[in-house]
Amino acid sequence: MGAEYRYKVLHGEVRLRVREIIRQMCGEFGVTIVNGVLPRDHVHMFIEIPPHVAISDFVRRTKR
């Protein structure tokens, strides 16, 4: 699936809510956001995940 299928929905209230949810999820897992960007059609995050948290668990829960 390429960029041509992305919907540009991350703006305004939706953008703020997505940011809030991501921060909440990171807090629940003890994950530190080093850097993050929310373009209009996807999310980029550079994060530090504690050793006791499986990366796959964090990604799966975040994508829900």
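**Exercise 1. Place R15 and describe its surroundings.**

Step 1. R15 is part of helix α1. The model that shows this is a predicted one.

Step 2. Decide whether R15 is buried, partly exposed or exposed. Its relative accessible area is 28%. Buried means under 20% and exposed means over 50%, so R15 is partly exposed.

Step 3. List the contacts of R15, leaving aside neighbours within four places in sequence. They are L10, L38 and P39.

Step 4. Look at two of these partners in turn. The side chain of R15 reaches the backbone oxygen of L38 at 2.5 Å. P39 is 24 residues from R15 in sequence, and the two C-alpha atoms are 9.0 Å apart.

**Exercise 2. Set out the elements of the chain and its overall extent.**

Step 1. Count the elements: the chain has two helices and two strands.

Step 2. Put them in order. Along the sequence the pattern is α-β-β-α.

Step 3. Give the extent. Along the principal axes, the C-alpha atoms fill a box of roughly 35 × 25 × 20 Å.

Step 4. State how much of the chain is buried. The chain has 64 residues, of which 17% count as buried.

Step 5. Consider contacts between residues at least 6 apart in sequence. Of these, 43% join residues at least 24 apart.

**Exercise 3. Identify the largest nonpolar core and the element that gives the most to it.**

Step 1. Name the members. The core has seven residues: I22, M25, C26, F29, V31, V53 and F58.

Step 2. Find the main contributor. Helix α1, residues 12-29, gives the most, with four residues.

Step 3. Follow one member, V31. Beyond its neighbours within four places in sequence, V31 is in contact with C26, I47, E48, I49, P50 and F58.

**Exercise 4. Describe the loop between β1 and β2 through D41 and V43.**

Step 1. Place the residues. D41 lies in the loop between β1 and β2, and V43 has its place in the loop between β1 and β2 too.

Step 2. Find the partners of D41. Residues up to four places away in sequence not counted, D41 touches R6, Y7, K8 and L10. The side chains of D41 and H42 are joined by a polar contact of 2.5 Å.

Step 3. Find the partners of V43. With the sequence neighbours up to four places away again set aside, V43 touches L10, V18, I22, V37 and L38.

Step 4. Take the pair V43 and I22. They are 21 residues apart along the chain, and 9.9 Å separates their C-alpha atoms.

Step 5. Classify V43. Its relative accessible area of 37% lies between the cut-offs of 20% and 50%, so V43 is partly exposed.

**Exercise 5. Describe H44 and its contacts.**

Step 1. H44 is found in strand β2.

Step 2. Its relative accessibility is 45%, so H44 counts as partly exposed.

Step 3. Setting aside neighbours within four places in sequence, the contacts of H44 are N35, G36, V37 and P39. The side chain of H44 also makes a polar contact of 2.9 Å with the side chain of H42.

Step 4. For a distance across the model, take H44 and T32. They are 12 residues apart in sequence and 14 Å apart in space, C-alpha to C-alpha.

**Exercise 6. Describe the largest and the second largest pocket.**

Step 1. Start with the largest pocket, which has a volume of about 370 Å³. Its lining is made up of V18, I21, I22, V43, H44, M45, I47, V59, T62, K63 and R64.

Step 2. Assign this lining to elements. Those giving two or more residues are α1, β2 (44-48) and α2 (55-63).

Step 3. Sort the lining by class. The largest pocket has seven nonpolar, two polar and two charged lining residues.

Step 4. Turn to the second largest pocket, which holds about 180 Å³ of space. R19, I22, R23, I33, G36, V37, L38, V43, H44 and M45 line the second largest pocket.

Step 5. Assign this lining as before. α1, β1 (32-37) and β2 each supply at least two residues.

Step 6. Sort by class again. The lining of the second largest pocket has six nonpolar, two polar and two charged residues.

Definitions and conventions:
Residues numbered from 1 in each chain as written. Predicted model: local features only at pLDDT ≥ 70, side-chain atom pairs only at ≥ 80, totals over all residues. Heavy atoms only, no water. Core = buried A, V, L, I, M, F, W, Y, C linked by side-chain atoms within 4.5 Å. Buried < 20%, exposed > 50% of the residue type's maximum accessible area, 1.4 Å probe, protein only. Contact = heavy atoms within 4.5 Å. 1 Å grid on protein atoms, 1.4 Å probe; cavity = no way out; pocket = protein on both sides within 12 Å on 5 of 7 lines; lining within 4 Å. Points joined across faces, edges and corners; volume = space filled by probe spheres on them. Nonpolar A, V, L, I, M, F, W, Y, C, P; charged D, E, K, R; others polar. Polar contact = N/O pair within 3.5 Å; in protein donor to acceptor, adjacent residues only side chain to side chain.
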